[in-house]
Amino acid sequence: KNDELEARLQKLETLLSNQSVNNNTQQSLNNNNAIKLEQNTPNPFNQNTVIKYYLPSNFKTAQLIITDAAGNSLKTYTISTKGYGTQTISGINMASGQYQYSLLIDGKQVATKKMEYLR
């Protein structure tokens with residue numbers, strides 16, 4: 001009878017462990033779904049443009065990285081604001097062309113958008 005009880009206990013522990021993993025994974029997905037990176041406005045732009053975003057409250061580090069068409073990093077903005085925020089990008093030192101901006105949270109790229117600068 002002890003073997004039967006031990007087997008049942010092992011099954012329960014496995015189920016509870018799997019449930020915990022599933023809950024943590026679902027929570028991560030839900031938090032990731034809350035992250036928003038909007039299209040810059042105006043786009044194309046010739047002086048300044050604004051990028052809006054939303055970040056959940058549980059991130060440790062966040063960055064907005066501007067890259068050129070070749071993927072070279074041009075500027076990195078550190079974001080510390082949780083929730084809704086904006087970042088203004090100045091085109092003063094930029095050449096006309098297409099650029100990308102990516103949102104990194106805790107070192108992982110979670111979204112990328114394209115923007116165009118016209119002189």
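A search of the whole structure, which is a predicted model, finds two aromatic pairs. One of them is formed by Tyr 54 and Tyr 84, whose rings are tilted, at 4.6 Å centre to centre and with 55 degrees between the planes. Because Tyr 54 lies in strand β2 and Tyr 84 in strand β5, the pair ties together parts that are 30 residues apart in sequence. The two tyrosines can also be described by their cover: Tyr 54 is partly exposed, with a relative accessible area of 25%, whereas Tyr 84 is exposed, with a relative accessible area of 62%.

## Overall makeup

The secondary structure of the protein comes to one helix and seven strands, and from the N terminus on the elements run α-β-β-β-β-β-β-β. Of the 119 residues, 27% count as buried, and the protein exposes about 8,300 Å², of which carbon and sulfur atoms supply 47%. Among contacts between residues at least 6 apart in sequence, 58% join residues at least 24 apart.

## The sheet that holds the tyrosine pair

The strands of the two tyrosines belong to an open sheet of three strands, in the order β1-β2-β5, with antiparallel pairing. Strands β1 (36–37) and β5 (83–90) stand at the edges and have a single partner strand each, so one side of each is left without a neighbour in the sheet. Strand β2 covers residues 48–55 and pairs with β5 in the antiparallel sense over eight bridges; within this pairing, Asn 48 has Ser 90 of β5 as its bridge partner.

## The pairings of β3, β4, β6 and β7

Further antiparallel pairings link strands β3, β4, β6 and β7. Strand β3 (residues 62–68) is joined to strand β6 (residues 97–105) by seven bridges, and to β4 by six bridges. Strand β6 in turn is joined to strand β7 (residues 108–117) by nine bridges, again in the antiparallel sense. Some of the residues that stand opposite each other in these pairings are listed here.

| Residue | Partner and its strand |
|---|---|
| Ala 62 | Ile 79 in β4 |
| Thr 67 | Gln 100 in β6 |
| Asp 68 | Tyr 99 in β6 |
| Leu 103 | Ala 111 in β7 |

Two of the connections are hairpins with a residue of positive phi. In the hairpin of β3 and β4, which has four residues between the strands, Gly 71 takes a positive phi near 90 degrees. The hairpin of β6 and β7 has two residues between its strands, and Asp 106 in that turn has a positive phi of about 50 degrees.

Strand β3 is mostly covered, with six of its seven residues buried.

## The nonpolar core

The largest nonpolar core has 20 residues, and those with the most contacts inside it are Leu 55 and Met 115. The elements that give two or more residues to this core are β2, β3, β4 (73–79), β6 and β7, and β6 gives the most, with four residues. Which residues does Met 115 contact, leaving aside its neighbours within four places in sequence? They are Asn 40, Asn 43, Phe 45, Thr 49, Ile 66, Ile 89, Met 94, Gly 97, Gln 98, Tyr 99 and Tyr 101.

## Asn 40, a buried polar residue

Asn 40, which is among the contacts of Met 115, has its place in the loop between β1 and β2. Is this residue buried or exposed? Because its relative accessible area is 2%, and buried means under 20%, Asn 40 counts as buried. Its side chain makes a polar contact with the side chain of Gln 39 at 2.7 Å, and another polar contact joins the side chain of Asn 40 to the side chain of Thr 49 at 3.0 Å.

Thr 49 appears again when the surroundings of Asn 40 are taken as a whole: leaving aside neighbours within four places in sequence, Asn 40 is in contact with Phe 45, Thr 49, Val 50, Ile 51, Tyr 101, Lys 114 and Met 115. Phe 45, Thr 49 and Tyr 101 are in contact with Asn 40, and these three residues are also in contact with Met 115.

Notes
Residues numbered from 1 in each chain as written. Predicted model: local features only at pLDDT ≥ 70, side-chain atom pairs only at ≥ 80, totals over all residues. Heavy atoms only, no water. Pairing = 2+ DSSP bridges. Buried < 20%, exposed > 50% of the residue type's maximum accessible area, 1.4 Å probe, protein only. Polar contact = N/O pair within 3.5 Å; in protein donor to acceptor, adjacent residues only side chain to side chain. Contact = heavy atoms within 4.5 Å. Core = buried A, V, L, I, M, F, W, Y, C linked by side-chain atoms within 4.5 Å. Areas by Shrake-Rupley, 256 points an atom, 1.4 Å probe, with all protein chains shown as cover. Phe/Tyr/Trp six-rings, centres within 6.5 Å; stacked < 30°, edge-to-face > 60°.
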